[in-house]
Amino acid sequence: MTIKELYSYCSDELSFTECGDFETLCIFNDILGFSKENILLNFRGVTDSHKEIIDNIISRRKNGEPLQYILGKWDFYDLSFSVGDGVLIPRPETELLVDFALEKLRNIKILNKNIVNPDINISKKINQTTKR
């Protein structure tokens, strides 16, 4: 089986989710280190080990486990955070809410900045540091 064939297989198997193609891209990026371009341009075969790993992920997704927990990490504000059972999954909508709130609160002094999710605080601080 080639990488492209495995990608198609995985995408078909995950079509029951709202974003099966996106999830397939995330899986391939995490497991094989491939972007969509790499997948489409790569004709080499995959190992049985890679197929087993992807089958295991598909099975876990079909049982309702979030992809973020399966992969063990998820990005928030371009930073990768470890996630697992019992941890809130960083969501893109939260990034939008944080941007909106920061814009509205730009000139207001906040007494306790640590009341919200720590991922938001950490991401905000790191992004402020890197943009200087």
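The chain contains seven helices and two strands, where helices (H or I, at least four residues) and strands (E, at least two) are DSSP runs numbered from the N terminus. The structure is a predicted model, in which local features need pLDDT of at least 70 and side-chain atom pairs count only at pLDDT 80 or more, while totals for chains, interfaces and linings use all residues. Residues are numbered from 1 along each chain as its sequence is written, and side-chain values use heavy atoms, with hydrogens and water left out.

Read from the N terminus, the order of elements is α-α-α-α-α-β-β-α-α. Of the 132 residues in the chain, 31% are buried; buried denotes under 20% relative accessible area, exposed over 50%, and partly exposed the range in between (1.4 Å probe, protein chains only). The chain exposes about 9,000 Å², of which carbon and sulfur atoms supply 53%, with areas obtained by the Shrake-Rupley method with a 1.4 Å probe. Where contacts (heavy atoms within 4.5 Å) link residues at least 6 apart in sequence, 47% join residues at least 24 apart.

Helix H1 (residues 3–13) and helix H4 (residues 48–62) have axes that come within 10 Å and cross at roughly 10 degrees. H1 is therefore roughly parallel to H4, a class for angles under 35 degrees, as against over 145 for roughly antiparallel, 65 to 115 for roughly perpendicular and the rest for oblique. Axes here are lines fitted to C-alpha atoms, for helices over the stretch in contact, with angles from 0 to 180 degrees between N-to-C directions. On the H1 side, Leu6, Tyr9, Cys10 and Glu13 meet Lys51, Ile54, Asp55, Ile58 and Lys62 of H4. This contact comprises five nonpolar, no polar and four charged residues; Ala, Val, Leu, Ile, Met, Phe, Trp, Tyr, Cys and Pro count as nonpolar, Asp, Glu, Lys and Arg as charged, and the others, Gly among them, as polar. Also in H1 is Ser8, which is partly exposed at 38% relative accessibility. Ser8 and Asp21 are separated by 13 residues in sequence and by 9.0 Å in space, C-alpha to C-alpha.

Four aromatic pairs were identified, taking rings of Phe, Tyr and Trp (its six-membered ring) with centres within 6.5 Å, and classing planes under 30 degrees apart as stacked, over 60 as edge-to-face and the rest as tilted. Phe22 and Trp74 form an edge-to-face pair, at 6.3 Å centre to centre and 85 degrees between the planes. Because Phe22 belongs to helix H2 (residues 20–32) and Trp74 to strand S1 (residues 73–76), this pair ties together parts 52 residues apart in sequence. Phe22 is partly exposed, with a relative accessible area of 45%, whereas Trp74 is buried at 15%. Trp74 is also among the contacts of Gln68, together with Lys73, Val83 and Ile89, neighbours within four places in sequence being left aside. Gln68 itself lies in helix H5 (residues 67–71) and counts as buried at 15% relative accessibility.

A further edge-to-face pair joins Phe76 and Tyr77, at 5.2 Å centre to centre and 90 degrees between the planes. These two residues form one aromatic cluster with Phe81. Tyr77 lies in the loop between S1 and strand S2 (79–82), as does Asp78. Most residues other than glycine have a negative phi. Tyr77, however, has a positive phi of about 50 degrees, and Asp78 one of about 60 degrees. Tyr77 is buried, with a relative accessible area of 14%, while Asp78 is exposed at 78%.
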